[in-house]
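The exercises below practise reading side-chain contacts in a structure. Try each task before reading its solution.

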Amino acid sequence: MGERDDELGRALGDLPVPEHGPGFWAELDRRVQDPDVVPLGGRRGDAADGGGGGARGGRDRSPGGRDRQLRRLLAAAAVAVVAAGGVAVAVGRDTDDRLTVTNESTTVPPASEPSPSIPGSVGEPEELGSGLVVGALPAADGSTTVLVRDDLPGDEPGCEGQPQGGLLVLGPGGDQRPVEAADGSLVTEGVDVHPSLDRRRVAVVSQCEGFLVQVLVGVVGPDGVPEELRPVAGQGSDDATVGGAPDIEVSPQVSWSPDGHRLLLTAAAFTDDGVLARELWEHDVDRGTWTRRGDAPEGPVAAVERADGSLVSITEDALVIGDERTDRRGVNALRLGPDGSTVAAYGEAGVLLIDEGGDLRLLADGLVNDARFGPDGSWLVVGRLAEGGDVVELASVPADGSAGPTVLGASLFGWFELLPEGRGLLVTVEGEQDPDGFPRPSVQRWPFEG
Amino acid sequence: MTSNEQHLLDAARAGDGRAFGELVRLHDPTMRALAYHLLGSRHAMDDALQDAYLKAHRALPSFRGEAGFRTWLYGITYRTCIDHLRAGRRRAAEPLDLHGDRPAAEARGGLTSLDERLRLQAALDGLSPEHRAVVLAVDLAGFSYDEVAAHLAIAPGTVASRLSRARAALRAALQDPSTTTEDR
C-alpha cells in the first residue's frame, strides 16, 4: 500500500504546467543578491533570464545510500504522538539493565519539590544512547525508564524491506533491550507509545509506512517497562478481544479516556469501492470489548474524550468540540491535558488550546508536529518546523496565551518526551555515524534551567 | 544527490548566488508542478516560487543536508503555497490549453487522452490543497510517505489516508467520464 502509483503519476505528469513568466530568473537573481530590491509579488523585470553556473568544488558529504537511511530516519521522525506527564526526575543508572531517570541527580531537584514554572532554557545535554525516543515511563522507585524505537537484533526483514525495527528499553551505557509482548514475541516495526493520563496503562501502536500492524495494550510495570502487552487491534487481535476488533488498515490515532479504562481509536479501512471509511471506536480494557462511538462526527481523523464524557474531534474539514463544528482547519492531532478537560489541537496551523468551556486560543503558529502539556497544564512544549530549516524547534509556551513560544533548542528528528514532573526533555538528535557512514538517531537529556 | 548537485549546494552555501540559482533550476519543474496545481495560475505560481526560493536562499545556512535538498525545497515550496492560499493571494485560475500541450505530453510518453486529462484536471482541482499536495508529492514527484509526512508535518497515517482519498477521486475521474469532482 505504500508504493507510488506509477500509472496515476504518469497521468498527472501529462497535465500541463506553465513555464515561468519572463524575467522570473533574473528577478530571483536580483533578490538573492539583494532581497530588498524587489517587493514580493512585484512587477517582473524585463531582463533576460539569468543563467546559472559558477559552481565551485566542494566535498562530497553524500555517501551512497544516504537517502535510504534518511528515509528510515524520517520515517521515525515524521510525527510523534505520545502522551506526557508522570512522576520521576533525573538521569541515573539502576543496578539492573536499564538506564533510568531518578531524583538522585545532582542537577535536578527531587520530585517532591513543586513543578517548575514554564521552562525558559535548558542546561548541558547528556547523551543517553541511540534510538528515537518514544516513551518515558515511571518506575515504582521514582525513576523513569526510557523507551526508544530502533533496529531489533538479528537479521529479520522488517517494514518495506528495511531491517526490522521495534520497541526497546534504553539501558545503562546505551545498552538496548527489546520489549516483549505477553506471548513472548517482540514488539516490532514503527512503534509509538501512548500512556494513560495516570501512566498506569500503556498502548503501543505499531505501523509500517502508515498502515497498521497492531495495537497492543498493557500496563506499566514496576520497572517502568510495558508489561502484559496484548494485541487488541490488527495482527493477532482476533482472539484477544470480545466480539472482534474493528477493521483498521491505516495507522490510527489513539487516546485514553481520562480514567484510563478505555482506549479511543480512529479506525480507518478501505471499502470494497476503495474508499477510506473512518469511524471512532473505543476499547474497554477491563472487559476486552470494542464499541463504536456513535456520538463521534462522521469521518474522525482524531478524537479525545474529556472528563465530562464529551468528545473533541477532528474531521477532514472541521474541528468539532462536543456538538459544535468550528471552521478551524489545519490541525490533525489532539492531546488531552492533565486535567482531563483541556485539549491541545495541533498541525499545519500551529497549536490551538481548547479550554474546558470550549474557547479556542492560538498558542503558536507554524507547522507543529507535537505538543505536550507540562505536569500542571499551565504550559506546553511544542515541536515545530523552523522556518526554512530542516530541524524541528522545541519551544515552551504558556497555556494561557500570555506569551509566545520560547525556543529551547532544535532537534533534527522532532521526537521528544517530556520528563515526568516536567523537569526536562528527552530529545532525539543526530548521533554518530554508523560503520556505513549513515547518521544514527540518538537520545539526549536536556534538563530545564531555572 | 549527484556530485554536481552537491558541488552546487556547497557553493551556494558558501555564498555563490549563481550556484544557488542553478541548483534551484534543477528542481524547478517539480516545484512548478506543485505550485501551479495548488494555486491555479502562472502568476500565482511565480509569486509563490519567488518567495519560496528566496526563503530557501535565506535559510540555506540552517540547511544541514540530512533531508536532501529536493525534499527540503519541496517542503518550503508547499508551505509557501499554503501561506499564499491562506492570505488570499490565489488568483483566478488560468487553465492551460490542454489540447495544445498534447504533443509535449506525447513526447514524454504521455498516455492520457484529452478527455482524460480534462477529467483529471477537474478532479485534481476538486481536491483540497492538502490532498492535492500529498498525491502530487507521492505519485508525481516520487517522494516516500515518510518524506511527505516529515515535511508536511502530518502523521504517516494521515499521509496514507489523504493519499487514498485523493487517488480514489483521481482514478474515478480517469475511469468514469461521468464522475464528478470531490468536495473540497
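A salt bridge is a side-chain nitrogen of Lys or Arg within 4 Å of a carboxyl oxygen of Asp or Glu. The model used here is predicted, and it holds 29 salt bridges over all chains.

**Exercise 1.** Decide how the side chains of Arg293(A) and Glu305(A) meet, and state whether Arg293(A) is buried or exposed.

Step 1. The N to O distance between Arg293(A) and Glu305(A) is 2.6 Å, and the contact is a salt bridge.

Step 2. Locate the partners. Arg293(A) is in the loop between strand E15 (289-292) and strand E16 (302-305) of chain A, while Glu305(A) is in strand E16 itself; the two are 12 residues apart, and the pair links distant parts of the chain.

Step 3. Buried means under 20% relative accessible area. Arg293(A) has 10% and is therefore buried; Glu305(A), at 6%, is buried because it too falls under that cut-off.

Step 4. Look for further partners. Arg293(A) and Glu305(A) belong to a network of salt bridges that also takes in Arg262(A), Glu282(A) and Asp295(A).

**Exercise 2.** Find out which chains are joined by the salt bridge of Glu316(A) and Arg165(B).

Step 1. The side chains of Glu316(A) and Arg165(B) meet at 3.7 Å, N to O.

Step 2. Glu316(A) lies in the loop between strand E17 (311-314) and strand E18 (319-321) of chain A, and Arg165(B) lies in helix H9 (residues 156-175) of chain B, so the pair joins two chains.

Step 3. Relative accessibility is 23% for Glu316(A), which counts as partly exposed. Arg165(B), at 29%, is also partly exposed.

**Exercise 3.** Place the salt bridge of Asp139(B) and Arg167(B) in chain B.

Step 1. The distance from N to O in this salt bridge is 2.7 Å.

Step 2. Asp139(B) is in helix H7 (residues 129-140) and Arg167(B) is in helix H9, 28 residues along the chain from its partner.

Step 3. Both Asp139(B) and Arg167(B) are buried.

**Exercise 4.** Work out which residues form one aromatic cluster with Phe24(A).

Step 1. Ring centres must lie within 6.5 Å for a pair, and planes over 60 degrees apart count as edge-to-face. By this rule there are seven aromatic pairs over all chains.

Step 2. Phe24(A) and Trp25(A) are 5.1 Å apart, centre to centre, with 85 degrees between the planes, and the pair is edge-to-face.

Step 3. For Phe24(A) and Tyr53(B) the centres are 6.2 Å apart and the planes meet at 80 degrees, so this pair is edge-to-face as well. The pair crosses between chains, from helix H2 (residues 24-33) of chain A to helix H3 (residues 42-59) of chain B.

Step 4. Phe24(A), Trp25(A) and Tyr53(B) thus make up one aromatic cluster. Phe24(A) has a relative accessible area of 0%, Trp25(A) is buried at 7%, and Tyr53(B) is buried too.

**Exercise 5.** Check the length of H3(B) against what is expected for its 18 residues.

Step 1. At 1.5 Å a residue, H3(B) should span 26 Å.

Step 2. The end C-alpha atoms of H3(B) are 25 Å apart, which agrees.

Step 3. For its cover, count buried residues: 13 of the 18 in H3(B) are buried, and the helix is mostly covered.

**Exercise 6.** Identify which ring lies under the charged end of Arg70(B).

Step 1. The charged end of Arg70(B) sits over the ring of Phe143(B), 4.4 Å from the centre.

Step 2. In chain A, Arg372(A) lies over the face of Phe416(A), 5.3 Å from the ring centre.

Note on methods
Residues numbered from 1 in each chain as written. Chains lettered and ligands numbered in written order. Predicted model: local features only at pLDDT ≥ 70, side-chain atom pairs only at ≥ 80, totals over all residues. Heavy atoms only, no water. Phe/Tyr/Trp six-rings, centres within 6.5 Å; stacked < 30°, edge-to-face > 60°. Buried < 20%, exposed > 50% of the residue type's maximum accessible area, 1.4 Å probe, protein only. Helix = DSSP H or I, 4+ residues; strand = E, 2+ residues; numbered from the N terminus. Lys NZ or Arg CZ within 6 Å of the ring centre and 35° of its normal. Expected span 1.5 Å × (residues − 1).
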